[in-house]
Amino acid sequence: MVSEGKQHKPFRALSLDGGGMRGLYTAAVLNSLSERFGNGSALDIGKGFDLISGTSTGAILATAIASGVPVKEVIKLYKDQGPTIFSNPIPQTKFKKIMWGLGNLSKPANGNENLSSALTNIFKTETIGELFNRRKIPLCVASVNIATHKPRVFKTSHDPEKSADDQRLLRDICLATSAAPIILPIAGVPDPLTDGELSHFVDGGLWANNPILITLVEALSIAEPDQEIQIISIGTCPPPSGSSLIPKEANRGIVDWSFGLKALELSMDAQASGSLFIANFLASSLSKLGKKIKIIRLDQSSPSAEQANLLSLDNASQKACSTLIQLGHSDGLEIYGKATRQDGDYKTLEQIFKNIPKFHSEDK
């Protein structure tokens, strides 16, 4: 956590969207900013923020950053392990979609063994409680509890009265937040409060694909009453959305909805934009009451039609990975330029990143 006194600096939070393999874009943006502000040296981004939150792929990145894992290692994970995690992506052509759907009628498209193994390689056996004791960086991760059909936010015990998650493994929390229906299995993870019984969770993107509201509410609960709140929100560069229909095309069936995946993506996109609108409205209203809040949603590229075809949740092909990294790197450089030119709200980024320490060899 940032070391300056809370009364003399803003409370700074980082909020990272979900989006499957598109998390590679988010990681590339942060890596580009890290290298530019670090003059070629990687920055320990987690130490620049008083709170980090994420959903699904964004939660994996958020947990890594909070843990002190260099963003380059997360990029390597996506590139190396993505094809094994998403080994059975949904095809593009209608006939192949039908065959894909029929082959997955009674099972998810992919198992989660490879994802679990990749998460173990990064986080080992560290718990969320051990993470907070080691780094003192508050972390929030969104998921959904299958048993109750209610939202679930895994948290560090930055509020000492809320320590129920302290014994949960980081790898299990990340598995729980990223269990996208149809694409991956429901995540059954040990519940430390019920003597080893399993709790079951699905992807937090079903209700908080953009976790900006979680971030805002948690920041309000942590920050001092007179402390300004600054939130940096980063998306995953989703392809252009929207549909043009004639009346007969409104009768969509299972195949037209890609066996539910298009409905899932539609829900996640709508939630992401809706949450950002609500968060900005609340921030504006609270500012009128004397609580200063600034939300900065980083600009994202508008992919070309060819690029958009590659930006699906489960496309881990070499071409897709290369496209996501290139888009993220390009956007990161453009954002860096705006920040160093003191361009509007982006000047806040320079204030944050210029004070983030570099990694030392003993850090990781």
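Helices here are DSSP runs of H or I with at least four residues, numbered from the N terminus. One more thing before you start: the model is predicted.

**Exercise 1. Gly 101 and its partner in space**

Work out which helix holds Gly 101, whether Gly 101 is buried or exposed, and how far Gly 101 and Phe 259 are apart in space.

*Solution.*
- Step 1: find the element. Gly 101 sits in helix H4.
- Step 2: check the cover. The relative accessibility of Gly 101 is 3%, and buried means under 20%, so Gly 101 counts as buried.
- Step 3: compare sequence with space. Gly 101 and Phe 259 are separated by 158 residues along the sequence, yet their C-alpha atoms are 6.2 Å apart.

**Exercise 2. A nonpolar patch**

Stay with H4 and find out which residues form a nonpolar patch on the surface with Phe 95.

*Solution.*
- Step 1: place Phe 95. This residue belongs to helix H4, which covers residues 94-103.
- Step 2: test the exposure. Phe 95 has a relative accessible area of 60%; the cut-off for exposed is over 50%, so Phe 95 is exposed.
- Step 3: collect the partners. Met 99, Leu 102 and Leu 105 join Phe 95 in the patch, and together the four have about 480 Å² of accessible area.

**Exercise 3. Two helices packing**

Describe how H1 and H2 pack: at what angle, and how far apart are their axes?

*Solution.*
- Step 1: get the geometry. H1 (residues 23-37) and H2 (residues 57-67) pack at about 35°, and 9 Å separates their axes.
- Step 2: add the handedness. The crossing of H1 and H2 is right-handed.
- Step 3: list who touches whom. H1 brings Gly 23, Thr 26, Ala 27 and Leu 30 to the contact, while H2 brings Thr 57, Leu 61 and Ile 65.

**Exercise 4. Salt bridges**

Count the salt bridges, then look at the pairs Glu 218 with Lys 155, Asp 165 with Arg 168 and Glu 306 with Lys 319.

*Solution.*
- Step 1: recall the idea. Side chains of opposite charge can pair when their charged atoms come close.
- Step 2: apply the cut-off. With a side-chain nitrogen of Lys or Arg within 4 Å of a carboxyl oxygen of Asp or Glu, the count is 13 salt bridges.
- Step 3: take Glu 218 and Lys 155. Their closest N and O atoms are 2.9 Å apart. Glu 218 is in helix H9 (residues 212-222) and Lys 155 in strand S4 (residues 150-155), so this pair ties together parts 63 residues apart in sequence. Glu 218 and Lys 155 are both buried.
- Step 4: take Asp 165 and Arg 168. Their salt bridge spans 3.4 Å, N to O, and both residues are buried. Asp 165 and Arg 168 also belong to a network of salt bridges with Arg 152 and Asp 191.
- Step 5: take Glu 306 and Lys 319. This salt bridge also has an N to O distance of 3.4 Å. Glu 306 comes from helix H11 (residues 305-308) and Lys 319 from helix H12 (residues 318-340), 13 residues apart. Glu 306 is exposed, at 54% relative accessible area.

**Exercise 5. Positive phi**

Find where Ser 56 and Cys 237 lie, and decide whether each is buried or exposed.

*Solution.*
- Step 1: Ser 56 has a phi near 55°, positive for a residue other than glycine. Its place is the loop between strand S2 (51-55) and H2, and at 5% relative accessibility Ser 56 is buried.
- Step 2: Cys 237, not a glycine either, has a positive phi of about 55°. Cys 237 lies in the loop between strand S7 (229-234) and helix H10 (261-288), and its relative accessible area is 0%, so Cys 237 is buried.

Conventions. Residues are numbered from 1 along each chain as its sequence is written. This is a predicted model: local features need pLDDT of at least 70, side-chain atom pairs count only at pLDDT 80 or more; totals for chains, interfaces and linings use all residues. Side-chain values use heavy atoms; hydrogens and water are left out. Patches are made of residues with over 30% relative accessible area and no salt bridge: like charges are joined within 9 Å, nonpolar side chains (Val, Leu, Ile, Met, Phe, Trp, Tyr) within 5 Å. Accessible areas come from the Shrake-Rupley method with a 1.4 Å probe; for residues, only the protein chains shown count as cover. Buried means under 20% relative accessible area, exposed over 50%, partly exposed in between (1.4 Å probe, protein chains only). Axes are lines fitted to C-alpha atoms, for helices over the stretch in contact, and angles run from 0 to 180 degrees between N-to-C directions. A crossing is left-handed if the near helix is turned anticlockwise from the far one by less than a right angle, and right-handed if clockwise. Contact means heavy atoms within 4.5 Å.
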